[in-house]
Amino acid sequence: MIESPPPATRVAAAIATHRRDKELHRLLACLAGSEFPVAAGAFVADNAASNTTRDLCAAAPLPCAWIPLTVNNGPGPAWNTAAAKALADSAVTHVLVLDDDVVPPPDALGTLLQALEVSRTAAAAPLLFDERERLWGFPEPREPALRAAIRRVHTREECRAALGAEPHAFCWATGACMLYARRAFESAGFFSENFWMLGEDLDYSMRVAATLGGVFTAQVAVPHLPPPSLDPRAERIAGRGKFLALLQNLSFLAFHSPHSAHLRSYLAGNFRRYLCTEGFTPGNLRDASAAFWLGAMRHQPAGAPGGKRLRERAARRTGNSPGG
């Protein structure tokens, strides 16, 4: 039977946001409705800060600190700023690290805290689901049998039937919704700030899991619901840049992280998925090769100048400039 969290547990939420006020409003309402209270409040790091986001935080249904950031350097620096502000309160025992577009149910925080307590680890992840209620962004189990099982399931019911309710150790996890104990930050430090996006969450979860342990549980299902695109063409261009950043960051981690475990075995599949999505054209083949070269051979994550130039080059082929 899973134990209850210790009575001294005090949780803060660290949120990275950028011009997603509707989604942020929804998330703050979710946190206010949490069955286990987010007693230390929410700390919202606002990339390229806006006054409307400031006003939204001021009217939030729980204590909420708005942290304006001048530019948008991606989620890593924003999460670091928010988490550092939260941990300045010595009574804070845990930090719930969040994207602004997740929708945690009322029992999510309590269940993740219970998973940490029973496993004696420092990180806990839920399963994430998309708008079709299909599994999205799942963690990588340490047990080989579970790695195969989690790739065969899709719905919440299938996940719970295959994985059970108990916590399972992970090698890494997608960080849209992650609970970390204070000791994770004290021991493993903070997020790397040179990934731009799509990778710093994997890197940090790897570091914590390798040193202090991390678990995931199918008992918690968290929807991940980014806003629909208002400009499909611009969204596709931005999506290409993000995908290239992911490929570069995965290549960097696979060859230069001491905690990447068997990540190299997944590289080919991700590069194939990029080409199937964007097309097997000479330009896309060149961009994918450059992402691998920069990450694996030049030791550069996507936030380095080479990654920025790669994304700009990919965008110029369609006559546009990338975001970020």
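## Overall form

Of the 324 residues of the chain, 53% count as buried. The model is a predicted one. Its secondary structure comes to 12 helices and 10 strands. Taken along the principal axes, the C-alpha atoms fill a box of roughly 60 × 50 × 35 Å.

The radius of gyration is 19 Å, which agrees with the value near 20 Å that a compact globule of 324 residues would have. Among contacts between residues at least 6 apart in sequence, 76% join residues at least 24 apart.

## Confidence

The average pLDDT of the chain is 92, and 95% of the residues score at least 70. Over residues 320–324 the pLDDT is below 50, and this stretch has 9 contacts in the model beyond near neighbours in sequence. Where pLDDT is low, the predicted coordinates should not be read in detail.

## Nonpolar cores

The largest nonpolar core has 43 residues. The members that touch the most other members are Val95, Leu127, Phe170, Tyr180, Phe185, Tyr204 and Val208. Helix α3 (residues 75–87) supplies the largest share of this core, with 6 residues. Apart from this core lies another, of 33 residues, including Leu24, Cys64, Val102 and Leu179.

Phe185 can serve as an example from the largest core. Leaving aside neighbours within four places in sequence, Phe185 is in contact with Ala83, Leu87, Val95, Val97, Tyr180, Phe190, Phe191 and Tyr204. Of these partners, Val95, Tyr180 and Tyr204 are themselves listed among the residues that touch the most other core members.

## Helix α8

Helix α8 spans residues 200–211 and contains Ser205. Is Ser205 buried or exposed? Ser205 counts as buried because its relative accessibility is 0%, under the cut-off of 20%. The side chain of Ser205 reaches the backbone nitrogen of Ala173 at 3.0 Å. Beyond neighbours within four places in sequence, Ser205 is in contact with Phe170, Cys171, Trp172, Ala173, Met178 and Tyr180. Two of these partners, Phe170 and Tyr180, also appear among the residues with the most neighbours in the largest core.

The same helix, α8, holds both Arg207 and Asp203, which are 4 residues apart, about one turn of the helix. Arg207 forms a salt bridge with Asp203, and the closest N and O atoms are 3.2 Å apart. Both Arg207 and Asp203 are buried.

## Salt bridges between distant parts

In the whole structure, a search finds 12 salt bridges. One of them joins the side chains of Arg20 and Asp100, at 3.2 Å from N to O. This pair links distant parts of the chain, 80 residues apart: Arg20 is in the loop between β1 (11–17) and α1 (21–32), and Asp100 is in the loop between β4 (94–99) and α4 (108–119). Arg20 counts as partly exposed because its relative accessibility is 24%, whereas Asp100, at 5%, counts as buried. Arg20 and Asp100 also belong to a network of salt bridges with Asp101.

Another salt bridge is formed by the side chains of Glu140 and Arg151, at 3.0 Å from N to O. Glu140 lies in strand β7 (residues 140–141), and Arg151 is in the loop between α5 (144–150) and α6 (156–163), 11 residues apart. Glu140 has 1% relative accessibility and therefore counts as buried. Arg151 is partly exposed, with a relative accessible area of 37%.

## Positive phi angles

Which loop holds Glu133? Glu133 lies in the loop between β5 (123–129) and β6 (135–136). Although Glu133 is not a glycine, its phi is positive, at about 60 degrees. The relative accessibility of Glu133 is 46%, so Glu133 counts as partly exposed.

Trp196 also has a positive phi, near 65 degrees, in a residue other than glycine. Trp196 is placed in the loop between α7 (182–188) and α8. With 11% relative accessibility, Trp196 counts as buried.

Terms used
Residues are numbered from 1 along each chain as its sequence is written. Side-chain values use heavy atoms; hydrogens and water are left out. A nonpolar core is a set of buried Ala, Val, Leu, Ile, Met, Phe, Trp, Tyr and Cys residues joined through side-chain atoms within 4.5 Å. Buried means under 20% relative accessible area, exposed over 50%, partly exposed in between (1.4 Å probe, protein chains only). Helices (H or I, at least four residues) and strands (E, at least two) are DSSP runs, numbered from the N terminus. Contact means heavy atoms within 4.5 Å. A polar contact is a pair of N or O atoms within 3.5 Å; within protein, one must be able to donate a hydrogen and the other to accept it, and residues adjacent in sequence count only if both atoms are side-chain atoms. A salt bridge is a side-chain nitrogen of Lys or Arg within 4 Å of a carboxyl oxygen of Asp or Glu. pLDDT is the predictor's confidence in each residue, from 0 to 100. The radius of gyration is taken over C-alpha atoms; the globule rule is 2.2 Å times the number of residues to the power 0.38.
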